[in-house]
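Student: Could you pick one charged spot on the surface and look at it closely with me? From there, please lead me on through the rest of the fold in one connected account.

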Amino acid sequence: MRGVLGGRWRRLASQVGRSATVWAVSTVTMLVLAGILPDFQLQSPDGDSATRIAVAAAFGAGAFALLSALVWPLLVRLLLLVPALVLGLLVFFLNGALLLLALRLNPAERGGAGPETAVVVAAVMSAVASATGGALAVRDDDAYRRRLYRLADRRRRNLPPGPFSHGTVFLQLDGVGHDVLLDAVAKGLMPTVARLLGAGVRTGPTHRLVPWRTDWSSQTGASQLGILHGSNFDVPAFRWYEKDQREVVVCNRPTSAAELQRRAVERTGDGGLLSADGASRGNLFGGGADEQALVLSIATRRRGRENRSREGYFAYFSDPANAVRTALSFFAEVGREIGQSTRARMCKTRPRVSRGGLYPLVRAFATVVERDVVVAAVMGDMFAGRTSVYADLVAYDEVAHHSGPHSRDAGKVLQRLDRSLALIEKAADHAPRPYRIVVLSDHGQSPGETFRSRYGLTLGDLVRAGCGLPVPRRARRTRSGAEARAAVRAALRRPVEMGGEQDRPSRRSEPIVLASGNLGLVSFPDVPHRMTKEEIDARHPALLATLANHPGVGFLLVRSERHGGVVLGAYGAEVPVDELDDASPGPLAAFGPGAADAVRRTHSFPHTADIMVNSFHDPADGEVLAFEEQIGSHGGLGGPQSRPFLLSPRAFSTPTTDGTPLVGAEQIHRVLRRWLRETNGPQVPVTNTTNVSEADPRGAGQ
């Protein structure tokens with residue numbers, strides 16, 4: 001009760017403060033206009049002191065504001081029958097009349113204006129007051145929510161009468177690991193999530209929280225493809241080289257995303273999780289949704305009915321108040337990032353990566369623009385009564401890459417994401433049908449300095465040294481694979497990034513080395529098939545030993561003519577893939593339960609690289625060494641990156657009936673699909689598990 005009263009007093013104080021500020025700005029505006037316009041006076045003919053003139057301006061501004069607030073609605077009601085064109089002209093004269101009346105109400109009888117001048121003064125003061133009030137309210141969540149309600153109401157559909165089944169909103173907090181979420185709740189950073197888990201609520205928790213384990217490729221491309229489309233088969237990493245196509249596939253490249261989605265649909269035989277009256281917002285893939293906006297897989301198509309990838313931006317920014325709010329928040333976030341990165345440099349924080357160049361703008365886009373647009377789109381879908389909505393918020397993932405997953409900067413982002421969740425939750429109270437909200441993540445992030453900063457060379461340099469090729473004296477930086485960069489380019493219709501010199505196969509026999517977090521991929525483009533250990537040893541005798549014995553490398557996966565596939569570790573460790581298990585993990589011992597199954601599944605992919613390289617991992621603190629310029633990374637095995645979360649309403653059945661752990665994005669897809677069936681949602685055809693098991697050694701039921 002005390003908290004409720006405190007909140008009401010804070011809102012009242014905020015409203016009083018905004019009103020006082022608008023009054024002060026209006027007073028100054030009236031003083032300026034009195035000095036500019038010859039027919040507008042705020043003093044008696046004999047002259048007055050500056051104090052009396054200021055008091056007259058304050059009284060006039062206050063009286064004009066009160067008359068506008070009290071009298072104007074009555075005048076509008078009286079003039080409803082007046083033609084719109086005539087009413088538009090009358091607005092200016094009525095405003096001027098109200099200003100003249102406000103000046104006459106001054107008991108000191110100071111001030112006056114001609115009729116024409118009064119019209120001009122009233123118009124200017126109304127514009128200034130509106131702009132000031134809007135600017136002060138842009139950071140107010142209640143005012144923001146009311147504006148979003150008005151925007152979403154335009155999209156409200158006329159649903160048939162009668163009882164409605166529940167709709168479902170799936171909100172993905174990109175990169176937020178299970179342990180990070182619990183830590184944020186314990187620190188009070190995410191009160192909305194805490195309430196869902198029962199903290200401070202007499203009725204107990206409304207949601208249940210469980211972790212799940214990703215595939216070896218612990219990144220958005222693999223996880224979201226599996227969650228939305230039921231298959232992430234043959235997605236070995238965030239980026240990889242396909243020898244048959246002679247090109248690099250990158251999950252956040254629009255053309256690659258479209259192709260991966262096509263392959264998944266072809267493999268499963270259905271459109272996806274959202275294929276019946278669903279909406280996909282801010283995702284890499286569409287999930288078969290009828291309504292798609294800010295979806296990367298359709299970003300390269302020509303604009304038309306089937307391509308609405310940027311529609312969300314136009315719909316959101318069509319409201320000037322939203323544009324003002326987001327613009328101010330955008331520049332505030334740029335300033336916040338510059339300040340935080342400067343403090344990190346001055347304090348010599350370690351580990352640390354470069355945060356200059358365009359990064360402050362990319363961060364602001366991810367943490368402000370995309371967040372605001374996606375949240376508004378989700379609320380619009382709820383007001384439209386859509387059966388299912390899946391949305392991705394990438395803010396935390398982007399900041400954690402450069403500031404660290406447990407940093408203060410990332411914690412602030414989690415606070416704002418919790419506020420976004422609260423906005424969506426409150427919107428459900430006004431939707432035409434009840435909604436259940438599922439919050440989940442696609443992967444976590446593991447901390448640690450970069451491979452380059454610890455050893456002074458990149459993975460590409462190490463591979464070249466093992467091949468006997470010249471190594472550059474100065475290590476080059478690797479490209480960050482953060483999803484926000486691709487979203488920015490898609491939003492701005494910029495050309496698709498081709499990935500730099502390492503993405504283009506050399507005419508010679510030099511290897512292509514690609515990085516996906518702490519997972520590295522080495523391919524020899526002049527060999528049309530996946531090379532075996534024996535072929536690699538014959539061609540480059542020192543390469544595999546150089547990689548396996550390096551202290552920054554955890555293990556290697558290569559194909560073998562004798563064993564089919566082998567995992568290599570330091571000091572000559574070599575274990576056939578078929579003999580790996582949690583009881584005898586060999587070089588995978590530090591990577592925990594499930595690592596053997598994940599490696600074995602990836603080995604079965606047609607486009608697995610010639611050499612798969614997973615970095616060192618310290619189980620004591622979860623540290624890994626990213627092959628990209630990231631101090632919070634994901635993409636391979638090791639640490640919290642492989643442990644995302646699933647927060648679901650208790651009204652749904654438990655994710656697993658026998659208490660076994662959730663493993664892989666494909667199993668998450670089956671759980672979400674079951675929940676949609678429980679609420680009479682989209683009836684997605686059940687995948688033929690026999691066919692999946694034959695092609696996927698992990699099996700559809702695991």
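**From a charged patch to a covered strand**

Tutor: Arg345, Lys348, Arg350 and Arg352 together make up a positive patch on the surface. Please keep in mind that this is a predicted model. Let's start with arginine 345, which belongs to helix 11, spanning residues 320-346. Its relative accessibility is 48%, so arginine 345 is classed as partly exposed; the exposed class begins only over 50%. Another patch member, arginine 350, has a backbone feature worth a look: the peptide bond between arginine 350 and proline 351 is cis, with omega at about -5°. Proline 351 sits in the loop that runs between helix 11 and helix 12 (359-383).

Now for charges that do find partners. Salt bridges link Glu333, Arg336, Glu337, Arg343, Arg355, Arg363, Asp409 and Arg416 into a network. Over the whole structure, the search turns up 30 salt bridges, and a few individual pairs deserve your attention.

Take arginine 239 and glutamate 628, whose side chains form a salt bridge with an N to O distance of 3.3 Å. This pair connects distant parts of the chain, 389 residues apart: arginine 239 comes from strand 5 (residues 239-242), and glutamate 628 from the loop between strand 19 (623-624) and strand 20 (632-633). Arginine 239 has 8% relative accessibility and therefore counts as buried. Glutamate 628 shows 3%, so this residue is buried too.

Lysine 243 and aspartate 610 make another salt bridge, at 2.9 Å from N to O. Here too the partners come from distant parts of the chain, 367 residues apart, with lysine 243 in the loop between strand 5 and strand 6 (247-250) and aspartate 610 in the loop between helix 20 (595-603) and strand 17 (611-615). Lysine 243 and aspartate 610 are both buried.

For a local example, look at aspartate 537 and lysine 533, bridged at 3.0 Å, N to O. They are four residues apart in helix 18 (residues 533-539), which means about one helical turn lies between them. Aspartate 537 is partly exposed because its relative accessibility is 25%, while lysine 533, at 17%, falls in the buried class. The cut-off that parts these two is 20% relative accessible area.

Next, the sheet. Eight strands build an open sheet with mixed pairing, ordered 8-7-9-3-10-21-4-22. Its edges are strand 8 (291-293) and strand 22 (662-663); each has a single partner strand, so one side of each has no neighbour in the sheet. Strands in a sheet pair through backbone hydrogen bonds, in a parallel or an antiparallel sense.

Within that order, strand 9 stands between strands 7 and 3. Strand 3 (residues 167-173) runs parallel to strand 9, and six bridges join the two; in this pairing, threonine 168 faces serine 388 of strand 9. Strand 7 (residues 278-281) is also parallel to strand 9, with four bridges between them. You can follow that pairing at serine 280, whose bridge partner is tyrosine 390 in strand 9, and at arginine 281, which stands opposite alanine 391.

How well is strand 9 (residues 388-393) covered? Six of its six residues are buried. The cover holds on both faces, with Ser388, Tyr390 and Asp392 buried on one side and Val389, Ala391 and Leu393 buried on the other.

A backbone detail turns up in the loop between helix 9 (254-268) and strand 7, where aspartate 277 is placed. Aspartate 277 has a phi near 55°, positive although the residue is not glycine. Tyrosine 571 also has a positive phi, near 60°, and is likewise not glycine. Tyrosine 571 lies in the loop between strand 15 (564-568) and strand 16 (574-576), and its 82% relative accessibility is why it is classed as exposed.

Finally, contrast that with methionine 190, in the loop between helix 6 (178-186) and helix 7 (191-196). Methionine 190 has 1% relative accessibility and so counts as buried. Its C-alpha atom is 8.2 Å from that of leucine 417, although 227 residues separate the two along the chain.

Technical notes. Residues are numbered from 1 along each chain as its sequence is written. This is a predicted model: local features need pLDDT of at least 70, side-chain atom pairs count only at pLDDT 80 or more; totals for chains, interfaces and linings use all residues. Side-chain values use heavy atoms; hydrogens and water are left out. Buried means under 20% relative accessible area, exposed over 50%, partly exposed in between (1.4 Å probe, protein chains only). Two strands pair if DSSP finds at least two bridges between them. Patches are made of residues with over 30% relative accessible area and no salt bridge: like charges are joined within 9 Å, nonpolar side chains (Val, Leu, Ile, Met, Phe, Trp, Tyr) within 5 Å. Accessible areas come from the Shrake-Rupley method with a 1.4 Å probe; for residues, only the protein chains shown count as cover. A salt bridge is a side-chain nitrogen of Lys or Arg within 4 Å of a carboxyl oxygen of Asp or Glu. Lys and Arg count as positive and Asp and Glu as negative; His and the chain ends are not counted. The place of a charge is taken as NZ of Lys, CZ of Arg, CG of Asp or CD of Glu.
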